[in-house]
Amino acid sequence: MSGSIDRRDFVKALTAASAAGLLIGGGLPAFAQSALKLGAPEDFSFDTLKATARAMAASPYQAPREPDPAVVDKIDYEQWGKITFNTDQALFVDGPGRFPVTFFHIGKFFRKAVEMHVVAEGQARAIISNGDMFHMPADSPARDLPPGVGFAGFRVQEPRGGSLDWHNNDWAAFLGASYFRAIGELYQYGQSARGIAIDVAVAGINEEFPDFTHFYVETPKTDADTLVLYALLDGPSVTGAYKFTMTRTKSVLMDIEHTLHLRRDVSRLGIAPLTTMYWFSDTAKPTAIDWRPEVHDSDGLALWTGSGERIWRPLNDPPRTMASAFADTSPKGFGTLQRDRAFDHYLDGVYYEKRPSVWVEPLGDWGRGAVQLIEIPTDDEIHDNVVAMWVPAEPATAGKSYDIHYKLHWVAEEPYPGPLARCVATRLGRGGQPGLPRPAGVRKFMVEFLGGPLGSLPFGVKPQMELWCSRGRFTDYQYTEAVPDGVAGHWRAQFDLVVTGPEPVELRCVLKHGDVSLSETWAFQYHPF
């Protein structure tokens, strides 16, 4: 769950650090030609990959091969960053298609070798790695690795002839376990997705991180905005076959199909998991913990339920690991979003205000289950401490199989915005009224909403708030008012909560006019302090 290297530098590394790629030499007419070593051609299709995953599930797990650990341990983050890739040798450097593909070198923090293949006309050939494909210092420990050691992962570069220099800019990266990420409309990496999540934050059970062990990149037949690739997943508890149809336009859209087979029981099976970072925001920040006003890749979880309700759950840095479940049937979508886009709310050169929002769009009927949100305490921005995922209601038992289909939208805003006002800020303070003694055990909440029907309320009409809490009680001190910033449809709800004890309190707030909802549902988990 947490990172072991400086996360700020790692995000930068995805666009500037080492990678290696190969073009193909002979044998398959659909490929551009280059003197690079390939394996023998083998028949390939998504159906054969699914059959392979199914057969593997019936056999004991075998861990992916790792190069000599004595050598790999020396390729620390500093050494890894000195290894660069000769982009003249990128896969599809001169076509076909628009997007060259480059590859990451193995290192201490990405030590498992993945096998890369290129596919054309129903045949796949392994791309054989070679140290000569990388530029590295003469004394680099990576020179001690043998030829054919493999790659750590790969990147998809921006299109040739586009507005950005493709040699130095990429839009998708697959690196480490089953992690992958993409930039959004604002050209910035941030949160990650995973192929699967196994037993996240389950008491007494270590989280499992299955690996994408084989990738197959389809040779494009046109200069369309799409690249297709396949992946084989393997882990102690699960195997799987994946197909990614990735489209790069203004944003990034991934259509993902996969089949999973369980080798053994899984306590918490996370489908379409998103992994992000939240440290602090304008909601709550310990005094002088950091010079920046806010630090987070995402500031909330958005849900569009099967019944049509829109929910916004602001994220927390909780005092202990917390798991929240939003039960649902046939969800329409969910995502971890970065709504706050103001630079002066972060004041940092790593561009938190540009981090992508990621929205999961289920395709087909996902049935009963819950969007589960896992929040883990953190004391720095280098740790990915938040996971959001779909967990089916039925137990995930050995021998069970799943066919899953969904889209991932890497965007600046929700791809399917609702008609209601959105929550744009959650603020906490001492309860009571200014100028009067502040009562103990009372917390004030100020929740801001913007847009939707709030922008067209008749003059003199104020929205009412509908409140709910899982414990404690609200005082009579509660009201709504227009935020005095001159922005139409910008309102805030203010209320005080009286509560004792350290256990969390679930809160809900909706703005209404009569029986008509004017805003999405604000759902917050408050930890008394």
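Q: How do you know which residues line the largest cavity?
A: In this predicted model, the test is distance: a lining residue has an atom within 4 Å of a cavity point. For the largest cavity, 16 residues pass. Nearest to its centre are Asp282, Asp299, Val424, Ala425 and Thr426.

Q: Which elements give two or more residues to that lining?
A: β20 (310–314) and β27 do. β27 gives the most, with four residues.

Q: What makes this space a cavity, while another space counts as a pocket?
A: It comes down to the way out. Rolling a probe the size of a water molecule over the atoms shows where empty space is left. In a cavity a 1.4 Å probe fits but cannot get out, whereas a pocket is an open set of points. The largest cavity holds about 150 Å³ of space, and the structure has one cavity of 30 Å³ or more. The second largest pocket holds about 520 Å³.

Q: What are the residues closest to the centre of the second largest pocket?
A: They are Ala284, Lys285, Pro286, Asp317 and Phe529, out of 27 lining residues. Strands matter for this lining too: β17 (278–280), β27 (422–430) and β34 (521–526) each supply at least two residues.

Q: How many residues of each class are in the two linings?
A: The lining of the largest cavity has seven nonpolar, four polar and five charged residues. For the second largest pocket, the tally is 15 nonpolar, seven polar and five charged. Asp counts as charged and Val as nonpolar, so Asp282 and Val424 of the cavity lining go into those two classes.

Q: Why is the protein chain called as compact as a globular protein of its length?
A: Start with what it is built from: four helices and 34 strands. The radius of gyration of the chain is 25 Å, and the globule rule gives 24 Å for 529 residues; the two are close, so the chain is as compact as a globular protein of that length. Along its principal axes, the C-alpha trace spans about 80 × 45 × 45 Å.

Q: What makes a residue count as buried here, and what percentage of the protein chain does?
A: The cut-off is under 20% relative accessible area. By that test, 56% of the 529 residues are buried. As for the accessible surface of the chain, that comes to about 21300 Å², and carbon and sulfur atoms own 52% of it.

Q: What percentage of the chain's contacts with a separation of 6 or more joins residues 24 or more positions apart?
A: That's 71%.

Key. Residues numbered from 1 in each chain as written. Predicted model: local features only at pLDDT ≥ 70, side-chain atom pairs only at ≥ 80, totals over all residues. Heavy atoms only, no water. 1 Å grid on protein atoms, 1.4 Å probe; cavity = no way out; pocket = protein on both sides within 12 Å on 5 of 7 lines; lining within 4 Å. Points joined across faces, edges and corners; volume = space filled by probe spheres on them. Rg over C-alpha atoms; globule rule 2.2 N^0.38 Å. Buried < 20%, exposed > 50% of the residue type's maximum accessible area, 1.4 Å probe, protein only. Contact = heavy atoms within 4.5 Å. Areas by Shrake-Rupley, 256 points an atom, 1.4 Å probe, with all protein chains shown as cover.
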